[in-house]
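Trainee: Could we go through this structure together? I should like to begin with its surface and then turn to its pocket.

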Amino acid sequence: MGLFLKIENPGISPVEGWTLFGATTKRETEDTRMIGTFGSGNKHGTLLLLRNGINPTVFCGMLRLGFY
């Protein structure tokens, strides 16, 4: 296996957060300083990795998403 970087958060990310622009759960927050309310961060981060020749793998619970 090659080198890898593991980023882990509590809970399970919904698959729509990785495949659907505009999918966010933060839009209804009262905190106006909250980032991530447009639902594009995961997708832009994935595209940046792909542009630099890095094929990310994301696990949403037991579901494996491979981008290439």
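Trainee: How much area does the protein chain expose, and what share of it do carbon and sulfur atoms supply?

Mentor: The chain exposes about 6100 Å², and 60% of that comes from carbon and sulfur atoms. Accessible areas are from the Shrake-Rupley method with a 1.4 Å probe, and for residues only the protein chains shown count as cover. Please note that this is a predicted model, in which local features need pLDDT of at least 70 and side-chain atom pairs count only at pLDDT 80 or more, while totals for chains, interfaces and linings use all residues. Residues are numbered from 1 along each chain as its sequence is written, and side-chain values use heavy atoms, with hydrogens and water left out.

Trainee: What is the average pLDDT of the chain?

Mentor: The average is 81, and 87% of the residues score at least 70. pLDDT is the predictor's confidence in each residue, from 0 to 100.

Trainee: Which elements have the lowest and highest mean pLDDT?

Mentor: H1 has the lowest, at 82, and strand E2 (residues 63–66) the highest, at 92. The elements run α-α-β-β from the N terminus. Helices (H or I, at least four residues) and strands (E, at least two) are DSSP runs, numbered from the N terminus.

Trainee: Now the pocket. How much space lies in the largest one?

Mentor: About 1600 Å³. Of the 40 residues lining that pocket, the closest to its centre are Ile 7, Trp 18, Thr 57, Val 58 and Phe 59. A pocket is an open set of points on a 1 Å grid over the protein atoms alone, where a 1.4 Å probe fits, with protein on both sides within 12 Å along at least five of seven lines; lining residues have an atom within 4 Å of a point. The volume is the space filled by probe spheres set on the points, which are joined across faces, edges and corners.

Trainee: Which element gives the most to that lining?

Mentor: H2 does, with six residues. Helix H1 (16–19) and strand E1 (57–60) also give two or more residues each.

Trainee: Is Phe 38 buried or exposed?

Mentor: Phe 38 is exposed, because its relative accessible area is 66% and exposed means over 50% (buried is under 20%, partly exposed in between; 1.4 Å probe, protein chains only). Phe 38 lies in the loop between H1 and H2, and its C-alpha is 8.0 Å from that of Phe 21.

Trainee: And where does Lys 6 lie?

Mentor: Lys 6 is in the segment before H1. Lys 6 is exposed, at 60% relative accessible area.
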